[in-house]
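Grab a pencil and work through the exercises below with the structure open beside you. Try each task yourself before you read its solution.

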Amino acid sequence: MATKKFDEITKAGREALQKEYEELINVKKPDIIEKINAAKEMGDLSENADYKFSKEELGRIEQRIHEIEYILENSKVVKNKENDKTISIGKTVVARRLDNNKEFTVSIVSKHEVDASDATNLKISPISPIGSALLGHKVGDKIVINVKVPYEVEIIDVTIIK
């Protein structure tokens, strides 16, 4: 019998998904069901924009609930050792570009946790150009990041995502 393959996810990522799941189940879904019921009481549903919007929103909520259930069921929390400075999922990396001496910080996370909204600490996928270039390297390594205009970086620090 084949063993089931699990996606790796950080502890923080799993906790964030569980929190989102609980909010969807306990807050958002009941609220939207209440709006649907209120819209039904208004009568003619064929021209009721509130009803149509609420039904669509309920569909989006239920889709996200199922997506989170699937992720939680098919992922496991990555376990990194504190003294292991090899870059992998669950690690934050500080690197310095050798062309301009600017430092940057990225966290290597699962595809379910990617977030580029915080420019000071990007959460990137291990299959992104930067993530894949960094994987397996250690502090002091110099590597080329192959993007549109390739550049070389030196790895300054590697820590576990808390």
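**Exercise 1: Two helices side by side**

H1 and H2 are roughly antiparallel to each other. This is a predicted model, so treat each value here as computed from a prediction.

Task: Work out why H1 and H2 get the label "roughly antiparallel".

Solution, step by step:
- Start by finding the pair: helix H1 covers residues 11-41, and helix H2 covers residues 49-73.
- Next, take the angle. The two axes cross at roughly 155 degrees and come within 9 Å.
- Now compare with the cut-off: angles over 145 degrees count as roughly antiparallel. H1 and H2 therefore earn the label.
- For the handedness, H1 passes H2 in a left-handed crossing.
- Finally, look at who takes part: the residues of this contact divide into 15 nonpolar, 2 polar and 12 charged.

**Exercise 2: Getting to know H1**

Task: How many residues does H1 have, and how far does H1 reach from its first C-alpha to its last?

Solution, step by step:
- Count along the helix: H1 has 31 residues.
- Go from the first C-alpha to the last, and you get 44 Å.
- Check that against the expected span. At 1.5 Å a residue you'd expect 45 Å, and the model's value is close to that.
- Then check for a bend: at Leu24, H1 bends by about 40 degrees.
- Leu24 also turns up among the buried residues of H1, along with Gly13, Arg14, Leu17, Ile32, Ile36 and Ala39.

**Exercise 3: Buried or exposed?**

Task: Sort Asn48, Asp50 and Asn101 into buried, partly exposed or exposed.

Solution, step by step:
- You need the cut-offs first: buried means under 20% relative accessible area, exposed means over 50%, and partly exposed is in between.
- Asn48 sits in the loop between H1 and H2. Its relative accessibility is 7%, so Asn48 is buried.
- Asp50 belongs to helix H2. With a relative accessible area of 47%, Asp50 is partly exposed.
- Asn101 is in the loop between strand E3 (91-97) and strand E4 (103-108). At 52%, Asn101 counts as exposed.
- One extra about Asn101: its phi is near 65 degrees, a positive value in a residue other than glycine. Most residues other than glycine have a negative phi.

**Exercise 4: Sequence gaps and gaps in space**

Task: How far apart in space are the C-alpha atoms of Ile124 and Ile89, and those of Asn48 and Val78?

Solution, step by step:
- Ile124 lies in strand E5 (residues 122-124), and its relative accessible area of 11% makes Ile124 buried.
- Ile124 and Ile89 are 35 residues apart in sequence, with 9.5 Å from C-alpha to C-alpha.
- Asn48 and Val78 are 30 residues apart in sequence, yet 48 Å separates their C-alpha atoms.
- Want another pair? Val139 is in the loop between helix H3 (129-134) and strand E6 (142-145). Val139 and Ala95 are 44 residues apart along the chain, and 8.8 Å separates their C-alpha atoms.
- And one last pair: Asp50 and Thr105 are 55 residues apart in sequence and 44 Å apart in space, C-alpha to C-alpha.

Conventions:
Residues numbered from 1 in each chain as written. Predicted model: local features only at pLDDT ≥ 70, side-chain atom pairs only at ≥ 80, totals over all residues. Heavy atoms only, no water. Axes fitted to C-alpha atoms, helices over the stretch in contact; angles between N-to-C directions. Helix = DSSP H or I, 4+ residues; strand = E, 2+ residues; numbered from the N terminus. Parallel < 35°, antiparallel > 145°, perpendicular 65-115°, else oblique. Left-handed = near helix turned anticlockwise from the far one by under 90°. Nonpolar A, V, L, I, M, F, W, Y, C, P; charged D, E, K, R; others polar. Expected span 1.5 Å × (residues − 1). Bend = angle between axes of the 7 residues up to and from the residue. Buried < 20%, exposed > 50% of the residue type's maximum accessible area, 1.4 Å probe, protein only.
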